[in-house]
Structures are given as structure tokens and as C-alpha cells.
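Please open the structure in your viewer and keep the selection tool at hand, since each stop below names what to select and then says what is there.

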Amino acid sequence: MTACAATGAWAFWGAPHNVEVVRVPMPLRDLPESLTGKTIVQISDLHVGAIVSRDYLRKCLELVSSFEPDIVVVTGDFVTYDGPARIDEAVALLADMQPGMLATVAITGNHDFGSSRGGFTNRQVADSLTEKLDGIGIRMLRNSAVEIEGLRLLGVDDFWGPTHELEETLASGDAEKPSVMLCHNPDFVDQPGWGNFRGWILSGHTHGGQVRLPFCKPPILPIRNHAYIAGKVELPGDRTLYVNRGLGYLQKVRLNVSPEITIFELSRAA
Ligand SMILES: [Fe+2]
């Protein structure tokens, strides 16, 4: 009984804020020499809103800043939307984060398209967030790409939202360059239309399931393909998926699934 109570207390009061920093080698074909050894730090699913502690998120972003990353990427769900003030709160929080030395880029998640009651389809919310984040130097990739010292970073709008354009995104920039795609919902990788894309795909959305018990499926899992709960997955077609477990949550509970900051270390693939 005591062990049960302790586990419950940890799940509700300790584990949701027990951030793990995960280092992942990221080999990329034809990576320019100047980017070898550089880092991409990924954060995801902040869910600024009524539930996630603002102090906790601030500490997470201070930790990101302390790594002095070359590139910072944010893979969506900035807010749990219940009104326009949430956007301003998220922007204010991120304005204090040290930007990446080379770039800070981001994409939309489903919660950045309004509330669940509205079916995550409110373009105005996503557009407002985009404008305000662009204003503080966080470049939003909305079905577009940007090239950073010979590395192509692409970003597609959320899979559940009304504005995702995978083919338009993949046609952006120089496809011959080493490529990293930001794609909030990992289920998107199973859709047709990826063509000859080769490279890494960085996702979030799942929160790693938030709670994992032995021999049980996570109770909170908003994806169809359960191969994509968390971590690295090699996909057909020379694509590598990485699913970050996120920082925030919709309900304040985690068990055996720490929130995550990922540090990718760039190298040239053999
Ligand atoms: Fe999320």
C-alpha cells in the first residue's frame, strides 16, 4: 500500500517534471564539414495553458539555453488553447530562451489550431501564433523549408489540421541537400506523398504515452501506428523518424515516461 501511494505521488508530483536530456547521433549524408559536430536541440509539446507549470517550463528552456545549441527546433503544441492570451504567454516564455546560434525553427501542432472542441481546425490561431513567434525570431516553417549552412530544414503543418501540404513542403528548397523534416504527428510518415525524401523526421505529439505500465498499452496515445510512441524508428525509404516525448502534458501525470529534451549531434553519414 505504501509503495502504491509512493508511486502515485511520484506519477503526479515528481515524474511530470523529471526531464531527461537524451543525446542522439544524427548522421546525414553529404553533411557539410562546417556542420559536423554541431547540435540540433529538439523540444516539443510545451502545452502552455492552465495545466502545465510555467516555472517548470521556464526551467526547461533555461536548460536548453545552457546547452548553447547551434539549432533549436520546436515540434509543435506550443499551447493548450483556450483563448488568445495563451499565445501571448507562450511567446513571452520563449522570448527568454537563448536562440540557436544558427537558427531557431518550429512547426505547428494540433493544439496550435485551437481547442479540441473546435476540432483543431482554427487557422487564425495558428496564423496568430506564427506571426508572434516570427516576431521574436522563431522561424515558423509552414509547409516550407529553410537552408542553414547547407542543411535543409523542412516543416509541415499539423496532420490533423486544415492546412498541411506535404508535397508542397517536400518541393521546398534543394532536395539534394541533407534534410531534416519537422512533422508534429508521427502518423504522417505513413501517408503517401513522401516521394524520394531521404533524411530525418522529428516528431512529438505522443508525449511518449505519458504513462507506461508493464504489459499494458499506454492509456493516452493519440496515434494510429503504435510503433511511433517514442524514440528512434528506421523507416522504409532511407528515412529515420525520431519521436520526442515532449515537455508538457494534457493531464499532469507521467509514469515511466520522462519529459525529454533531445540533443542531436550532427555527423556525416558514411
Ligand atoms: Fe501535445
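The tour goes from the whole chain to its sheets, then to a pair of helices, and ends at two pockets.

**The whole chain**

Begin with everything shown as a cartoon, and bear in mind throughout that this is a predicted model. The protein chain has five helices and twelve strands. Its radius of gyration is 18 Å, close to the 18 Å that the globule rule gives for 270 residues, so the protein chain is as compact as a globular protein of that length. If you turn the view along the principal axes, the C-alpha atoms fill a box of roughly 60 × 40 × 35 Å.

**The sheet that holds β1 and β12**

Select β1, β12, β2, β3, β4 and β5, in that order, and you will have an open sheet of six strands whose pairing is mixed. At its edges lie β1 and β5 (139–140), each of which pairs on one side only. Within this sheet, select residues 39–43 for strand β2 and residues 260–268 for strand β12, which run antiparallel and are joined by four bridges. To find one point of register between them, show Val41, which stands opposite Ile263 in β12.

**The sheet from β6 to β10**

Now select the other set of six strands, which form an open sheet in the order β6-β7-β8-β9-β11-β10, again with mixed pairing. Here the edge strands are β6 and β10, each pairing on one side only, and the twist from one strand to the next averages 20°.

Start at the β6 edge by selecting residues 144–148, which make up strand β6, together with residues 151–156, which make up strand β7; these two run antiparallel and are joined by five bridges. Ile148 stands opposite Leu151 in β7, and the hairpin has two residues between the strands, where Glu149 takes a positive phi near 50°.

Move next to strand β8, residues 179–183, and add β9: these two pair in the parallel sense over three bridges. Showing side chains for Met181 and Ile201 will mark a place where β8 and β9 face each other, as Met181 stands opposite Ile201 in β9.

Finish at the other edge with β10 and β11, which run antiparallel and are joined by five bridges. Lys232 stands opposite Tyr242 in β11. The hairpin that β10 and β11 form has three residues between them, and Gly237 in the turn has a positive phi of about 85°.

**The α2 and α3 pair**

Select residues 54–66 for helix α2 and residues 85–95 for helix α3, and look along the contact: the helices pack at an angle of about 35°, and their axes are 10 Å apart. On the α2 side, show Arg54, Leu57, Arg58 and Leu61, which meet Arg86, Glu89, Leu93 and Leu94 in α3. Colouring these residues by class will give four nonpolar, no polar and four charged residues in the contact.

**The two pockets**

Which residues are the closest to the centre of the largest pocket? The largest pocket holds about 210 Å³ of space, and of the 14 residues that line it, the closest to its centre are Pro27, Leu28, Arg29, Trp200 and Asp238. To see where the lining comes from, select β1 (20–28), β9 (199–203), β10 (231–235) and β11 (239–243), each of which supplies at least two of its residues. By class, this lining has five nonpolar, three polar and six charged residues.

For the last stop, go to the second largest pocket, where about 160 Å³ of space lies. Select Arg29, Arg152, Leu170, Ala175, Glu176, Ser179, Trp194, Gly195, Asn196, Phe197 and Arg198 to show its lining, which by class has four nonpolar, three polar and four charged residues. Keep Arg29 highlighted as you leave, for it is among the residues closest to the centre of the largest pocket and also lines the second largest one.

Key:
Residues are numbered from 1 along each chain as its sequence is written. This is a predicted model: local features need pLDDT of at least 70, side-chain atom pairs count only at pLDDT 80 or more; totals for chains, interfaces and linings use all residues. Side-chain values use heavy atoms; hydrogens and water are left out. On a 1 Å grid over the protein atoms alone, a cavity is a set of points where a 1.4 Å probe fits but cannot get out, and a pocket is an open set with protein on both sides within 12 Å along at least five of seven lines; lining residues have an atom within 4 Å of a point. Grid points are joined across faces, edges and corners, and a volume is the space filled by probe spheres set on the points. Ala, Val, Leu, Ile, Met, Phe, Trp, Tyr, Cys and Pro count as nonpolar, Asp, Glu, Lys and Arg as charged, and the others, Gly among them, as polar. Two strands pair if DSSP finds at least two bridges between them. Axes are lines fitted to C-alpha atoms, for helices over the stretch in contact, and angles run from 0 to 180 degrees between N-to-C directions. Contact means heavy atoms within 4.5 Å. The radius of gyration is taken over C-alpha atoms; the globule rule is 2.2 Å times the number of residues to the power 0.38.
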